[in-house]
Amino acid sequence: MAPRPFAKRPAAASIAIRQALLSTLVTLLAVIFLTIAASIAIERSMRADMQQTIDTDIAGLADIMVNGGEAELVLRIADRTALTPGAAPRSYYALANQKGRLLAGNLEALPNLDAGRSQSAERRVGGDPVLVRATRLRGGLTLVVGRSLRGIQALQQRLQLDFLIVGIIAVVATLVAGFAVAARLRGRVEALSNTFTRFERGDLAARSGAASGHDELVQLAGHVDTHLDWMARLLSAQRDISDNIAHELRTPLVHLDTRLLSVIGHNGDPAVASELHLARNDIRSIVSLFDALLDLALAESGGLNPNTMSFDLSELAADLVELYAASAEEAGLDFKARIAPGITMHGEAMAVTRLIANLLDNAFKYVPPGSRVRLIIADGPRIIVEDNGDGIAASEVEQIFQRFRRAAAPGTGHGLGLALVKVIAARHGLVARVENAQPGARFIVEPQHGKRAKGLIG
Amino acid sequence: MQILLIEDDPQTADAIMAILRAEAIAVEWAATGELGLGRCGDNAFDVIIMDWMLPGISGIDALARLRSAGIEKPVLMLSALGRAEHRIEGLDGGADDYLTKPFEPAELVARLRALHRRTTVQARQPVLIHGDIELHVRARTAHRAGKHLGLSPKEFELLKYLMENAGEIVTREMLLRNVWKLNFDPQTNVIDVNLVRLRRKLEDGFAYCCLETVRGRGYRLMAP
C-alpha cells in the first residue's frame, strides 16, 4: 500500500475539478459553434431575401421598359432614387446605354459585371457593401440594381454580441455549477479516502458512514465500510491469536523457569547450578526470539498501532547518538552524526527509534575497532548509517534484510534486526536498502523513488 | 511494603509469593480480576501486581476500572504478552510499570521497590541527598562533597533515577525505560557503558566508590 496523506491534493489533480473545467470548455466551444452557425445561417437567409427583392425590382423595371420605353424607365428610376431610405436598406440604381453612358440612377459608374449573363455580386459603393445585379434590357440598355448589405452586417454584429453575452453567462454558470458539483464530489471522495487513511493510522473504528442516497459513491462507501469491518475483524483476530499463542507458550516456560530456579536454590553443586542458569538463559532466548518474531510478523502484516503522531526525527536521533556515543568510544569507533535540524515525520516514534538503533547496533557489531561510523539524518526523511568497515559481500546485499540472515558474525542477536528495519521503514512509507560505501557499507532508509514520505501506513 | 497480587495461574502466583516473602515483602493473592478489584480499595496495599490475561475481567480492564474509581495506587502489570506494543498499551492503560514473564526474581523485587519509593516523599523533593551526593532537581546541578559534577542532561537524569532508588537494585530495563524512554533493548551495551561513564564522574577524585554493579542484575547506588 502506498502512503495516503490527509493533505489536500492540488486542485488540478482532482478528477472532479478536471471534470468541471472540461464541462466549461465544452460549453464554451458549444457557444462559439452556435454563434458561428447562427451567424452564417442568418446571413445566407437575408442575402437570399435581398437577392429576391433585387430580382423583383429588376423584373418590375424590365416591365416598365417594355410598356413605357426608355424615357419612362429613366423617370421611374429617378423616382426610386429620390426616395429617402428609412429603415429599409439603401437602394442603388444605374441605367446605361450601349456605349456605357449613364442615363439614370445614383451609381456613379457601372460595376464590373457581365450584364449579358445577369451576373450578381457584392461590390463596394462609397464604402457601403452592396449586393448588385446587372442585366441587359431591350435596346442594349444595361440596368443595375443594388441593395446595401450594411443592415445585414449590423444585424450580425448585434447577434454576435447577444451570443457573446449569453455565452459568457452560460460559461460562468457552467463553471460555478461545475465547481460546486466538483467540490461536493471531491469532498465525498476525500471523505472516503480519509476514512482509509484514518484506518491505516490505527483508528480501527474509522468508517465512511455515508448512509443516505443511492448514488455510486454511497454504494462505494458501503463497500468500503463492509471491507473495513472485515479488516478490523481480521486484525483483531490476528492479534488475539498471537496474544493467545504468546500466553500459552510463555506460561509453561514460566513454570519451567520457576522449577529451574527452585532446583538451583536447593542444589549446592555449582556445576549443576551453572548448567541450570544456562538453561534459564535459553528460556529467555526462546521468549525474546518469539517476541521479536511476533513484532516482525504483526508489523509486516500491518498490525496497526494507534500510537502514531508527528515527532521530531532530528531530536530522536540526537538522543540516540548521545546514548551510543559512549559505547562507540569504548569500542574504539569513530562515531559521529550529521543531523539536519527540525526534521519531522509522522508515525511511531518508538519504532523509528528502534529502526535507527538496529542500524547502529548492526554497524557497531560488524565493524572492526578503529572504524568510522556515521549517522546522517537528512530531509526526506533520509536515515543513513555508513561505516568504513569490511562492507557487505555482493552476494549478501540482496538478502541482508531477510530474517535470520546473519553474516558470519561475532556475538549474539536473532538475525531479525535488519528485517525489522525493513518492516518498520515500509510501515512509514520508506524503503531500506544497502549499498557498498567502498570501503564499508551504507544503509539507507528513504522515501520510495525519492518521493517525500507522507505518513504512516498500515 | 504490602503487595496485592492478582494472578490466575496458581503455580506462577506461588512462585511470586515465594520470591516476595523471601525478601520480607508481605503479599496477598487474588486469583481473579473481580476478586482483586474487591481488594484494591484496601489501603493496606502499597503496590498492586496485575496479570494481564485473567479469566473474566482482564487485567487491562480491571486497571481501567481501578483508575476510573480514583484509585491511584502504583500498579505493576505482569504479563505473558511481551511485545513492544503491549508494553505501550499497558502503560497507556494506567500501569506504572510493565514486566513480562518469565522474569528474574530480582527484577520483580527491584521494580516493586522502585514503584513503592515513587509514592514516598523523597522522589518529589527539589533536592535529593544521598550520602555526600546532592542533586538539585530544578537547577539540574549535582555535587559530591561540595564538588560540582559536570553531568550531561541524560547523566543527570540517570543519577536522579539512581538516587530516587538509592540502596535498591535498578535493572538495565528499568534504566532503559525510565531514563532513556526506550521500550526495547538495544543489542549494543549502551547502558553499561553509560553507567561506567557516570561512575567515573561520580568517583573521580574520591576514595570510595558509590555506584555498584550487581552482576547479572543491574546497578545500585550504595549506602554511604
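This dialogue walks through one chain contact, one helix pair and one hairpin in a predicted model.

Reader: How many residues does each chain bring to the contact between chain A and chain B?

Author: As a general idea, the size of an interface is often given as the accessible area lost when the parts come together. Here the contact can be read by residues, with 33 from chain A and 28 from chain B. On the side of chain A that touches chain B, the elements giving two or more residues are α3 (216-266), α4 (270-300), α5 (313-330) and α6 (349-366) of chain A, and α3(A) gives the most, with 10 residues. Sorted by class, that side of chain A has 13 nonpolar, 10 polar and 10 charged residues.

Reader: Are helices α2(B) and α3(B) roughly parallel or roughly antiparallel to each other?

Author: Angles under 35 degrees count as roughly parallel. The axes of α2 (residues 33-40) and α3 (residues 59-68) of chain B come within 10 Å and cross at roughly 25°, and the two helices are therefore roughly parallel to each other. Their crossing is right-handed. In this contact G33(B), G36(B), L37(B) and C40(B) of α2(B) meet G59(B), A62(B), R65(B) and L66(B) of α3(B), a set that divides into 4 nonpolar, 3 polar and 1 charged.

Reader: In which sense do strands β11(B) and β12(B) pair?

Author: Strand β11 (residues 211-214) and strand β12 (residues 218-221) of chain B pair in the antiparallel sense over 4 bridges, and T213(B) has Y219(B) in β12(B) as its bridge partner. The hairpin has 3 residues between the strands, and G216(B) takes a positive phi near 75° in this hairpin.

Methods. Residues are numbered from 1 along each chain as its sequence is written. Chains are lettered from A and ligands numbered from 1 in the order in which they are written. This is a predicted model: local features need pLDDT of at least 70, side-chain atom pairs count only at pLDDT 80 or more; totals for chains, interfaces and linings use all residues. Two residues are in contact if their C-beta atoms, placed from the backbone, lie within 7 Å. Ala, Val, Leu, Ile, Met, Phe, Trp, Tyr, Cys and Pro count as nonpolar, Asp, Glu, Lys and Arg as charged, and the others, Gly among them, as polar. Two strands pair if DSSP finds at least two bridges between them. Axes are lines fitted to C-alpha atoms, for helices over the stretch in contact, and angles run from 0 to 180 degrees between N-to-C directions. Angles under 35 degrees count as roughly parallel, over 145 as roughly antiparallel, 65 to 115 as roughly perpendicular and the rest as oblique. A crossing is left-handed if the near helix is turned anticlockwise from the far one by less than a right angle, and right-handed if clockwise.
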